[in-house]
Amino acid sequence: MTTAQPLDVQPSPLALLLLGREADPRSERGVECPGDLPAPSDPDLVERARAAKARLGDKVFVLGHHYQRDEVIEFADVTGDSFKLARDAAARPGAEYIVFCGVHFMAESADILTGDDQQVVLPDLAAGCSMADMATAEQVAECWDVLTDAGVAGTTVPVSYMNSSADIKAFTGKHGGTICTSSNAERALKWAFAQGEKVLFLPDQHLGRNTAVRDLGLSLDDCVLYNPHKPGGGLTADELRAAKVILWRGHCSVHGRFSLESVRDVRERIPGVNVLVHPECRHEVVAAADLVGSTEYIIKTLEAAPAGSKWAIGTELNLVRRLANRFADEAAGNKEIVFLDKTVCFCSTMNRIDLPHLVWALESLADGKVVNRIEVDPEVAAFSKLALERMLALP
Ligand code: SF4
């Protein structure tokens with residue numbers, strides 16, 4: 001008879017917070033959103049959003065991440081991925097208010113990259129990112145101590161995905177590392193290996209592993225997984241010394257759910273389908289896909305795809321649905337675009353931003369009241385900016 005093995009993962013206290021309830025300002029989610037919101041059933045919401053935006057004029061600049069709902073995207077001045085949006089915001093110094101329709105870490109990056117006189121607003125403070133929450137400043141500091149004890153911190157360069165809190169970006173800047181996006185992760189890793197012998201990749205293990213193995217030609221055995229819930233990350237000093245890439249045990253709760261099964265199933269259901277997935281997907285999914293790339297790459301690939309081609313897309317559902325509608329008719333090429341999985345749902349935190357929250361934020365600003373301002377501590381912002389600037393200077 002076998003005995004039950006003890007659970008090796010300590011539950012995070014964050015797991016107990018209900019989305020949008022209770023208060024934990026240091027969390028990317030589970031934060032209360034105060035405010036007297038209009039009812040979702042209010043038939044005048046669209047008109048109210050238009051009117052408030054018109055009252056604000058050039059004073060406001062609304063950014064819409066690709067994963068946002070259609071009702072929100074309709075009011076975005078620009079759409080894009082997180083880094084493009086932060087750069088777009090920085091290129092609009094005349095806009096007093098930046099309304100970021102996305103999640104918390106994106107609004108932080110916009111605050112870091114925009115001027116001191118610009119104020120960044122997140123329409124719902126509960127719009128966080130579960131991946132960003134998987135690496136806290138304390139956990140990462142502890143990890144660095146573990147690397148120091150193993151004698152490898154001096155030769156390790158941190159590379160942090162854009163999808164991380166400002167605290168983690170600041171840690172990265174302070175320790176000689178860079179930020180990366182899903183578009184430039186390969187360049188970031190190559191740069192890091194030119195600076196040191198190892199990379200600590202935070203917080204998305206899948207993007208780190210996929211980039212190391214697919215793009216840099218490293219083996220899976222060159223990568224180890226650091227589990228912040230285990231003493232010493234669950235790794236021995238010898239394992240840390242032998243590794244080339246130390247992956248943080250974080251993942252995206254949306255992309256992490258696509259499976260090899262979903263790829264096999266869609267190939268059976270739709271003969272001739274092209275499978276195109278985001279690199280936040282698990283390694284076996286990425287290995288089984290035809291094409292892999294960021295949201296911007298996914299959009300460009302579909303724009304350039306031949307008429308009548310068939311596509312199964314592994315990324316957030318709001319974007320896939322919008323693309324499916326955009327290319328559905330004859331004039332747009334009659335491209336058949338389906339969601340890779342039957343069961344994966346929307347990103348729940350991205351979906352926190354809805355029309356009532358947007359109307360509330362815009363009307364408050366039009367009345368001269370700044371709500372849900374996202375402001376990064378100046379020291380954290382300075383070190384984060386250093387890491388972001390290293391990314392901008394990547395060869
Ligand atoms: S899609 Fe994933 S990475 Fe993006 S905000 Fe949602 S949980 Fe975070």
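In this predicted model, strands β1 (residues 60–65) and β3 are paired in parallel through 5 bridges, with V60 set opposite Y97 of β3. Strand β3 also pairs with β4 (residues 119–121), again in the parallel sense, here by way of 3 bridges; in this pairing V99 faces V121 of β4. Helix α4 (residues 104–113) joins the picture as well, since β3, α4 and β4 together form a right-handed β-α-β unit. Strand β3 itself, spanning residues 97–101, has 4 of its 5 residues buried and is therefore largely enclosed by the rest of the structure.

Strand β1 leads on to the annotated positions, as H65 is located in this strand. The unreviewed UniProt entry lists H65 under the feature "binding site", together with S82, Y161, M162, N163, S182, H278, P279, E280 and T295. H65 counts as buried because 27 C-beta neighbours fall inside 10 Å. Beyond residues up to four places away in sequence, H65 touches S82, L85, C101, G102, M106 and M350.

Another position from the UniProt list, T295, is found in helix α13 (residues 295–304). T295 has 23 C-beta neighbours inside 10 Å and so is buried too. Setting aside neighbours within four places in sequence, T295 makes contact with H66, D81, H278, T315 and L319; of these partners, H278 is itself on the UniProt list.

Turning to the ligand, 13 residues surround it, and C129, M131, C252, V254 and C347 come nearest. By character, the shell around the ligand comprises 8 nonpolar residues, 4 polar and 1 charged.

Note on methods
Residues are numbered from 1 along each chain as its sequence is written. This is a predicted model: local features need pLDDT of at least 70, side-chain atom pairs count only at pLDDT 80 or more; totals for chains, interfaces and linings use all residues. A residue is near a molecule or strand if its C-beta atom, placed from the backbone, lies within 6 Å of it. Ala, Val, Leu, Ile, Met, Phe, Trp, Tyr, Cys and Pro count as nonpolar, Asp, Glu, Lys and Arg as charged, and the others, Gly among them, as polar. A residue is buried if 20 or more other C-beta atoms lie within 10 Å of its own, exposed if 12 or fewer, and partly exposed in between; C-beta atoms are placed from the backbone. Helices (H or I, at least four residues) and strands (E, at least two) are DSSP runs, numbered from the N terminus. Two strands pair if DSSP finds at least two bridges between them. A crossover is right-handed if, with the strands pointing away from the viewer, the path from the first strand over the helix to the second runs clockwise. UniProt positions are given in the numbering used here, feature names are shortened, and annotations may be inferred rather than shown by experiment. Two residues are in contact if their C-beta atoms, placed from the backbone, lie within 7 Å.
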